[in-house]
Every structure is written in structure tokens, then in C-alpha cells.
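Me: I should like to learn how to read the surroundings of a bound ligand. Please begin with the general idea and then turn to the case shown here.

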Amino acid sequence: MVCLGNICRSPLAEGILKSKVNSELVTVDSAGTSGWHIGNLPDPRSVEVAKLHGIDITDQKARAFTQEDFDRFDFIYAMDHSNYLNILKLARNKHDRTKVKMILNELEAGSDEEVPDPYYGGEQGFENVFQMLDASCAIIAKKITN
Ligand code: 4NP
């Protein structure tokens, strides 16, 4: 799960997908395309909205996406177009590139919709992001556990 800062959207996506899969079988992680918040906890508004839905994301620390992530993961989900393009810039070959998806395309294939960046908005933006990610992660969880 990849966003810009790895403090708002992708930590939520990580927590939500983890809540839907068996952690002994599936490794879920998140990262940012920027290194601006490395080592930071998720944004308190993401922590709060996750908590409201029974998910604890306070064990997460922001990190930057690296080329090694292409070797560690089968699927790489970008939250928006900018993240998607920045991840692709690090891809070494076609195999790497085929792993990268826009997360909301799980809801509607080919729609290329973005998870809006809630960083500069209010609480409602975080609930909206939670709902989008919850719907996408339900589909992802079904796919990878079937
Ligand atoms: P995220 O949100 O990419 O969902 O973690 C942001 C976090 C921080 C900033 C922008 C977006 N920032 O400008 O520091």
C-alpha cells in the first residue's frame, strides 16, 4: 500500500487489509513515495478513524518505498496517479511494472480513480478515505485468499 507520506492513506489501507486476511499467509505493509515522514506514527486523524472501525494502526511507522519492495511483494497498490507514476519510475522491468495497480481499480476496473489526499482536509475526508479503502480491500482480500 503506497501513498505520498505513508502517514494518512496507506497506513489505513495496511490496517484495513490486515484486518481482512490471515497474517500467517499474507504479508501486508505500506510505504510512501516521499521520505518526508520517515519514522513517524500515522496521522492522528487516521489513527482515530481506524479506531472508530475497530482497527489499531498505532504499531506502524512511516517508511519510504524502495526498489526492494518489488521483490518482497506480489501486488503494489498506489493511492493516486502521482504515487503510481513515482513507483513505476523505480521499476526495473516489465515484471516489476505489472505488480503496480491503482487501488480503486479493484472497485471499478480501468476507472483510474484516486483516493483523495485527506492531509489538508477535515475529519470527514478520513472517513471517506476509510470507506473507499475498506471496499477495495474487501475485494483484494477475497482475491488473494481464494
Ligand atoms: P498521505 O498524505 O500521502 O496519505 O500520507 C500526506 C501526508 C503528508 C503530506 C501530504 C500528504 N505532506 O505534504 O507532508
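Reply: A polar contact is a pair of N or O atoms within 3.5 Å; within protein, one must be able to donate a hydrogen and the other to accept it, and residues adjacent in sequence count only if both atoms are side-chain atoms. Here, an oxygen atom of the ligand lies 3.3 Å from an N or O atom in the side chain of Y120. Polar backbone atoms also take part: that of L4 is 2.9 Å from a ligand oxygen, and that of C8 is 2.9 Å from a ligand oxygen.

Me: On what basis should these values be read?

Reply: The model is predicted, so local features need pLDDT of at least 70 and side-chain atom pairs count only at pLDDT 80 or more, while totals for chains, interfaces and linings use all residues. Residues are numbered from 1 along each chain as its sequence is written, and side-chain values use heavy atoms, with hydrogens and water left out.

Me: Which residues surround the ligand?

Reply: A residue is near a molecule if one of its heavy atoms lies within 4 Å of it. The ligand is surrounded by C3, L4, G5, N6, I7, C8, R9, W36, H37, D117, Y119 and Y120.

Me: How many helices and strands does the protein chain have?

Reply: Helices (H or I, at least four residues) and strands (E, at least two) are DSSP runs, numbered from the N terminus. The protein chain has six helices and four strands, in the order β-α-β-α-α-β-α-α-β-α from the N terminus.
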